[in-house]
Amino acid sequence: MKIFLGFLAIAAIAPIVLLSISNVFMTFAWYGQLKFPNPPLWIVVLASWGIAFFEYCFAVPANRIGHTVYSAAQLKTMQEIITLVVFGVFSVAYLGEAIRWNQMAAFGCLVLAGFFAFYKG
């Protein structure tokens with residue numbers, strides 16, 4: 001019984017950790033190039049694909065492990081919320097862009113969607 005409960009605890013936490021790492025790679029693959037507007041688009045696309053490979057190396061196991069304790073809809077909602085948190089930090093720290101109140105309100109609505117996705121009522 002203790003082994004089973006330990007597996008459930010790992011299966012519940014692992015997707016959060018793996019999706020967080022995955023989203024760091026994804027965010028750099030999609031938006032990191034914005035600081036470098038001069039390279040040709042084909043080089044940017046190839047570089048982004050290379051970075052995205054590592055994103056998949058974390059996202060696929062996160063979803064496979066996570067689906068043992070979460071529904072697909074819950075995993076997707078979790079991934080979107082993690083994406084917003086990672087993107088918010090990235091936007092401010094890497095791109096130097098401020099997050100405005102209306103963007104925070106939009107992010108808050110998505111977090112509220114997460115509440116409903118996990119609500120067992």
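**Entry 1: α3 against α4**

I began with helix α3 (residues 72–93) and helix α4 (residues 101–118), which pack at an angle of about 155 degrees with their axes 9 Å apart. I note that the model is predicted. Angles over 145 degrees count as roughly antiparallel, so I logged α3 as roughly antiparallel to α4. I then looked up the handedness: α3 passes α4 in a left-handed crossing.

Which residues make the contact? From α3 I listed Q74, T77, M78, I81 and L84. From α4 I listed F107, L110, V111, A113, G114, A117 and F118. I sorted the residues of this contact by class and got nine nonpolar, three polar and no charged.

**Entry 2: the chain as a whole**

I stepped back to the full protein chain. I found four helices and zero strands. Read from the N terminus, the elements run α-α-α-α. The C-alpha trace spans about 55 × 35 × 20 Å along its principal axes.

How much of the chain is buried? Of the 121 residues, 27% are buried. I also checked how far apart in sequence the contacting residues lie. Among contacts with a separation of 6 or more, 83% come from residues 24 or more positions apart.

**Entry 3: helix α3 by itself**

I returned to α3 for its length. It has 22 residues and reaches 31 Å from its first C-alpha to its last. That is close to the 32 Å expected at 1.5 Å a residue.

Next I pulled the buried residues of α3: Q74, L75, T77, M78, Q79, I82, T83, L84, V86, G88, F90 and S91. Q74, T77, M78 and L84 are in this list, and I had already met them in the contact with α4.

I picked T83 for a closer look, a residue of helix α3. Why does T83 count as buried? Its relative accessible area is 14%, and the cut-off for buried is under 20%. Leaving aside neighbours within four places in sequence, I found T83 in contact with N23 and M26. I also took a distance to L46, which is 37 residues away in sequence. The two C-alpha atoms are 22 Å apart in space.

**Entry 4: helix α2**

Helix α2 (residues 41–66) has 26 residues. I read 35 Å from its first C-alpha to its last, close to the 38 Å expected at 1.5 Å a residue. Its buried residues are V44, S48, A52, E55, A59, A62 and G66. I marked E55 in that list, a buried residue of the class that counts as charged.

**Entry 5: I21 in α1**

I looked up I21 and placed it in helix α1 (residues 2–31). Is I21 buried, or partly exposed? It counts as partly exposed, because its relative accessibility is 33%. I then took the C-alpha distance from I21 to F58, 37 residues along the chain, and got 6.8 Å. The pair T83 and L46 is also 37 residues apart in sequence, but its C-alpha separation is 22 Å.

**Entry 6: F116 in α4**

F116 is found in helix α4. Its relative accessibility is 54%, so I entered it as exposed. I set it against T77, 39 residues apart from it along the chain. The C-alpha atoms of F116 and T77 are separated by 9.6 Å. T77 itself is on the buried list of α3.

**Entry 7: N38 in the loop**

My last lookup was N38, placed in the loop between α1 and α2. At 73% relative accessibility, N38 counts as exposed. Where does N38 stand relative to K120? The two are 82 residues apart along the chain, and I logged 50 Å between their C-alpha atoms.

Notes. Residues numbered from 1 in each chain as written. Predicted model: local features only at pLDDT ≥ 70, side-chain atom pairs only at ≥ 80, totals over all residues. Heavy atoms only, no water. Helix = DSSP H or I, 4+ residues; strand = E, 2+ residues; numbered from the N terminus. Expected span 1.5 Å × (residues − 1). Buried < 20%, exposed > 50% of the residue type's maximum accessible area, 1.4 Å probe, protein only. Axes fitted to C-alpha atoms, helices over the stretch in contact; angles between N-to-C directions. Parallel < 35°, antiparallel > 145°, perpendicular 65-115°, else oblique. Left-handed = near helix turned anticlockwise from the far one by under 90°. Contact = heavy atoms within 4.5 Å.
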